[in-house]
Amino acid sequence: QPDDRGLIGDVPVLRVTRRGPEAVHFVPAALEPGAEVLLSLDWERRFDHMQQHSGQHLISAIAEQMFGFKTTSWELGRQRSVIELDTPLVTAEQVEALEKSVNEKIRARVPVTVRELAADDPEVETVRSRGLPDDHVGPVRVVDIKDIDSNLCCGTHVSNLSDLQVIKLLGVEKGKKNKTNLVFLVGNRVLKSIEQSHSTEKALTSLLKNGPGEHVEAVKRLQSSVKLLQKNNLNLLRDIAVLIARDFKSKPAPKHLFVLHRKEGDSEFMNIIANEIGTEETLLFLTVGDEKEAGLFLLAGPVEAVEKLGPRVAELLGGKGAGKRGRFQGKAAKMSRRGEVQALLQEFVSHQNPGA
């Protein structure tokens, strides 16, 4: 169970851990030894942990009674908790029956009590336990859920199962080594989950313009439409890439350098242009994406020129890239510096073709 938090006077407690029989409190400021202070507990956090922990005891006990599923470990998470059950399979029907049974116990207002036993008391051996820590000293605590469970535990618990309010089993997940993880929420976490789901439902109802029962079908239709639009967009980009390349090749002017930026393009768009124009004689600098921030780039052309210029182009664009066989491509973080790259390439081409 996670530690408690709160205040010692006006100093916040950042963390509490156990060192043998002592509780060690971590605070950001020194405290005066011997001073009288008021301790303030973060009750919302404490009560949440009490609900989840007592809920785990109840679920584990009923799961073992009904199906013989033993609990091997559990985790009290920030948003949901998980019980590891020593079984490779838990069916949906078993989850449903387990949830029904634990909530019946909550409605029955079963008492929960805590008692202490000496560590060498023979009764300790009869209580459900996963063992004591090696550095444990002093008596041991036993948490009893009347007529349901007795368990060695040092955690904080409710005094009656009615304080749990409700338990919701969210389902199971595959665990490690032929075990199954059972995911659950207790009490206020169930209410928060319902509120979050309801808010999401209201938002979807507004966006999709239909009722909750139609949300799934509406999203499926949107997904199909998006896939079709993406396919059509890709085909159009390919056609545009071919037309751009043909237009460049049809011009009588020298074809030593070709520079182009298109916001909507992608890597395939740039490579199609490079393939159509040809890179034996022409040096191409192509970019796609945001004009001033991040995007993709392609430098293509004669192998020696690309090997020499590629790393410098990536450096100017604040990005990284790699290349082979006359093509160097990668991601750019500073697309606003495309002009500097173009000037670098223009200077290189001018030196290579002084009469052009």
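These are my notebook entries on one residue, one sheet and the domains of this structure.

**Entry 1: the model and its domains**
I began by noting that this is a predicted model. I looked up how the protein is divided, and I found domain 1 (6–41), domain 2 (43–130 + 138–204) and domain 3 (229–352). I then checked the centres of domain 1 and domain 2, taken over C-alpha atoms, and they are separated by 30 Å.

**Entry 2: P2**
Next I went to P2, which sits in the segment before β1 (6–8). Is P2 buried, partly exposed or exposed? Its relative accessible area is 26%, and buried means under 20%, so I wrote down "partly exposed" for P2. I also listed what P2 touches beyond its neighbours up to four places away in sequence: R45, H49 and L76. From P2 to R15 I counted 13 residues in sequence, and in space I noted 9.5 Å from C-alpha to C-alpha.

**Entry 3: the sheet**
L76 led me on to a sheet, since L76 has S81 in β7 as its bridge partner. Four strands form this open sheet, and I copied their order as β6-β7-β12-β11, with antiparallel pairing. Which strands stand at the edges? They are β6 (71–76) and β11 (167–174); each has a single partner strand, so one side of each has no neighbour in the sheet. On average, neighbouring strands here are turned by 20° against each other, direction ignored.

A reminder to myself: strands of a sheet pair through backbone hydrogen bonds.

**Entry 4: β7 and its partners**
I followed β7 (residues 81–85) next, and found 5 bridges joining it to β6 in the antiparallel sense. A hairpin of 4 residues links β6 to β7, and E75 stands opposite V82 of β7. With β12, strand β7 pairs over 5 bridges, again antiparallel; there I83 has L182 as its bridge partner.

How many residues of β7 are buried? I noted 5 of the 5, so β7 is largely enclosed by the rest of the structure. Both faces are covered: S81, I83 and L85 are buried on one side, and V82 and E84 are buried on the other.

Another reminder: in a regular strand the side chains alternate between the two faces of the sheet.

**Entry 5: helices on the sheet**
Back to the sheet, with its order β6-β7-β12-β11. Helix α2 (residues 92–107) packs on it, touching β11 and β12 (180–186), and its direction makes about 150° with that of β11. Helix α3 (residues 188–208) packs on the sheet too, and touches β6, β7, β11 and β12. For α3 I noted an angle of about 85° with the direction of β12.

Definitions and conventions
Residues are numbered from 1 along each chain as its sequence is written. This is a predicted model: local features need pLDDT of at least 70, side-chain atom pairs count only at pLDDT 80 or more; totals for chains, interfaces and linings use all residues. Side-chain values use heavy atoms; hydrogens and water are left out. Helices (H or I, at least four residues) and strands (E, at least two) are DSSP runs, numbered from the N terminus. Buried means under 20% relative accessible area, exposed over 50%, partly exposed in between (1.4 Å probe, protein chains only). Contact means heavy atoms within 4.5 Å. Two strands pair if DSSP finds at least two bridges between them. Axes are lines fitted to C-alpha atoms, for helices over the stretch in contact, and angles run from 0 to 180 degrees between N-to-C directions. Domain bounds come from an automatic or database domain assignment.
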